[in-house]
Amino acid sequence: MIIIDRFEENYAVLETENGMVNVDRGCIPCEAREGDVLCQNQGTYFVDREATQARRAAMVSRFNRLRRNSNDLSLIHISEPTRPLYIS
């Protein structure tokens with residue numbers, strides 16, 4: 001699976017099974033967005049709409065499940081769980 005991680009200047013950073021790859025932005029369809037799933041056929045990239053929608057739906061579901069199971073923890077609780085509390 002190839003996923004667009006981000007765009008930087010004149011290239012797209014793609015997350016592939018073999019790691020991150022920089023590809024000239026002109027090789028990516030102009031309608032492509034960050035997070036889209038790409039397929040490659042004979043050197044041409046195209047957006048796999050079905051896989052992109054399924055991936056986004058799975059991420060939303062995962063996020064909602066985490067929110068339900070968080071017991072109302074704030075981001076501070078999550079990001080700094082071992083920070084000692086000192087009051088001076």
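Two strands are said to pair if DSSP finds at least two bridges between them. In this predicted model, that criterion yields an open sheet of five strands, arranged in the order β3-β2-β1-β4-β5 with antiparallel pairing.

**The sheet**

Strands β3 and β5 lie at the edges of the sheet, since each of them pairs on one side only. Neighbouring strands are turned against each other by 40 degrees on average, direction ignored. As general background, the strands of a sheet pair through backbone hydrogen bonds, either parallel or antiparallel.

The table lists three of the strand pairs, with the number of bridges that join each pair.

| Strand pair | Sense | Bridges |
|---|---|---|
| β1 and β2 | antiparallel | five bridges |
| β2 and β3 (residues 19–24) | antiparallel | six bridges |
| β1 and β4 (residues 37–41) | antiparallel | two bridges |

Two hairpins belong to this arrangement. Strands β1 and β2 form a hairpin with two residues between them, and E9, which lies in the turn, has a positive phi of about 50 degrees. Strands β2 and β3 likewise form a hairpin with two residues between them.

Individual residues show how the strands are aligned. Residue I3 stands opposite E15 in β2, and I3 also stands opposite V37 in β4. Between β2 and β3, residue Y11 stands opposite D24 in β3.

**The helix**

Helix α1, which comprises residues 49–68, lies across β1, β4 and β5. The helix runs at about 155 degrees to β4.

**The nonpolar core**

Which residues make up the largest nonpolar core? This core has 11 residues in all: I2, I4, F7, A12, L14, V23, I28, A32, L38, Y45 and V47. The elements that give two or more residues to this core are β1 (2–8), β2 (11–16) and β5 (44–47). The largest share, three residues, comes from β1. In soluble globular proteins, nonpolar side chains tend to be buried together.

One member of the core, F7, may be followed in more detail. Which residues does F7 touch, not counting residues up to four places away in sequence? The contacts of F7 are A12, R25, I28, A32, R33 and E34. Among these, A12, I28 and A32 are also members of the largest nonpolar core.

**Summary**

The model thus presents a five-stranded open sheet with antiparallel pairing, a helix α1 that lies across β1, β4 and β5, and a largest nonpolar core of 11 residues, to which β1 gives the largest share.

Methods. Residues are numbered from 1 along each chain as its sequence is written. This is a predicted model: local features need pLDDT of at least 70, side-chain atom pairs count only at pLDDT 80 or more; totals for chains, interfaces and linings use all residues. Side-chain values use heavy atoms; hydrogens and water are left out. A nonpolar core is a set of buried Ala, Val, Leu, Ile, Met, Phe, Trp, Tyr and Cys residues joined through side-chain atoms within 4.5 Å. Buried means under 20% relative accessible area, exposed over 50%, partly exposed in between (1.4 Å probe, protein chains only). Helices (H or I, at least four residues) and strands (E, at least two) are DSSP runs, numbered from the N terminus. Contact means heavy atoms within 4.5 Å. Axes are lines fitted to C-alpha atoms, for helices over the stretch in contact, and angles run from 0 to 180 degrees between N-to-C directions.
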